Amino acid sequence: MQKVKIPITLHPGKAAQHRLTYDGIVPLEKLARLRGVVQEEVGEIAVKIQCKTDEQGLVVISGNLSTHVTVTCQRCNDDLGLDLDQDFMYSPVGLDAESDDLPEVYDEVALDDNGEINVFELIEDELILAVPLVPTHNEASCNYSSKPASFGVLKAEDDKPNPFDILKQLKKDS
């Protein structure tokens, strides 16, 4: 299959009716929120999207995202490379629609005023959720030192008299 340009917005009803599929890449620089989570500014995300209607007549947008990102290890503060591979399956709901009837296998995605979804936001959300909350190397390859880290030298405090010593004297006198 030929790599195609991934659209920024998509009308899910029309795309499902025509059973559209997209196989392409999205540049990392187009996803500002994800760039705040990862260290690199450039890169590509491989995206595959299929639009269809399921047996219940629901519009389904499913696919896969894969990329390699670098984050900071929260244990040793070194670079940590992560291969993110995320599958997704969405069914669109309107702005005021209830999603109680939606099967559990589908996540819901809200339609905008034009009846479209923002595909780049959907991709960005999925990748942000795929990054671990506290990314760390495995313990064998982490450069973490068990020595306590200190920054600067603390000055020795002068022995100041305790202000409550006066109260102790008053208590003894009474």
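**A friendly first look at this model**

1. Arginine 33 is a good place to start: this residue is partly exposed, with a relative accessible area of 43%. Please keep in mind that you are looking at a predicted model.

2. Arginine 33 has two acidic partners. With glutamate 124, the side chains form a salt bridge at 3.2 Å, N to O. This pair links distant parts of the chain, since arginine 33 sits in helix H2 (residues 32-35) and glutamate 124 in helix H3, 91 residues apart. Glutamate 124 is buried, because its relative accessible area of 6% falls under 20%.

3. The other partner is aspartate 125, whose side chain meets that of arginine 33 in a salt bridge of 2.7 Å, N to O. Arginine 33 belongs to helix H2 and aspartate 125 to helix H3, so this pair ties together parts that are 92 residues apart in sequence. Through shared partners, salt bridges join Arg33, Glu124 and Asp125 into one network. As general background, side chains of opposite charge can pair when their charged atoms come close. The structure holds two salt bridges.

4. Is aspartate 125 buried or exposed? Neither quite fits: aspartate 125 is partly exposed, with a relative accessible area of 33%. For a sense of distance, the C-alpha atoms of aspartate 125 and proline 27 are separated by 15 Å, and the two residues are 98 apart along the chain.

5. Now turn to the interior. The largest nonpolar core has 34 residues, and those with the most contacts inside it are Ile6, Ile45, Val47, Ile49 and Ile123. Two or more residues each come from strands E2 (21-27), E3 (44-53), E4 (59-72) and E5 (79-93), and from helix H3 (119-130).

6. Which residues does valine 47 touch, leaving aside its neighbours within four places in sequence? Valine 47 is in contact with Ile6, Tyr22, Asp23, Gly24, Val26, Asn64, Leu65 and Ile123.

7. On the outside, Phe164, Ile166, Leu167 and Leu170 make a nonpolar surface patch of about 450 Å². One of them, isoleucine 166, is found in helix H4 (residues 165-173). Isoleucine 166 counts as exposed because its relative accessible area of 58% is over 50%.

8. Last, a word on confidence. The mean pLDDT of the protein is 85, with 90% of its residues reaching 70 or more. Confidence is highest in E3, at a mean of 94, and lowest in H4, at 82. Helix H4 is also where isoleucine 166 of the surface patch is found.

Methods. Residues are numbered from 1 along each chain as its sequence is written. This is a predicted model: local features need pLDDT of at least 70, side-chain atom pairs count only at pLDDT 80 or more; totals for chains, interfaces and linings use all residues. Side-chain values use heavy atoms; hydrogens and water are left out. A nonpolar core is a set of buried Ala, Val, Leu, Ile, Met, Phe, Trp, Tyr and Cys residues joined through side-chain atoms within 4.5 Å. Buried means under 20% relative accessible area, exposed over 50%, partly exposed in between (1.4 Å probe, protein chains only). Helices (H or I, at least four residues) and strands (E, at least two) are DSSP runs, numbered from the N terminus. Contact means heavy atoms within 4.5 Å. Patches are made of residues with over 30% relative accessible area and no salt bridge: like charges are joined within 9 Å, nonpolar side chains (Val, Leu, Ile, Met, Phe, Trp, Tyr) within 5 Å. Accessible areas come from the Shrake-Rupley method with a 1.4 Å probe; for residues, only the protein chains shown count as cover. A salt bridge is a side-chain nitrogen of Lys or Arg within 4 Å of a carboxyl oxygen of Asp or Glu. pLDDT is the predictor's confidence in each residue, from 0 to 100.
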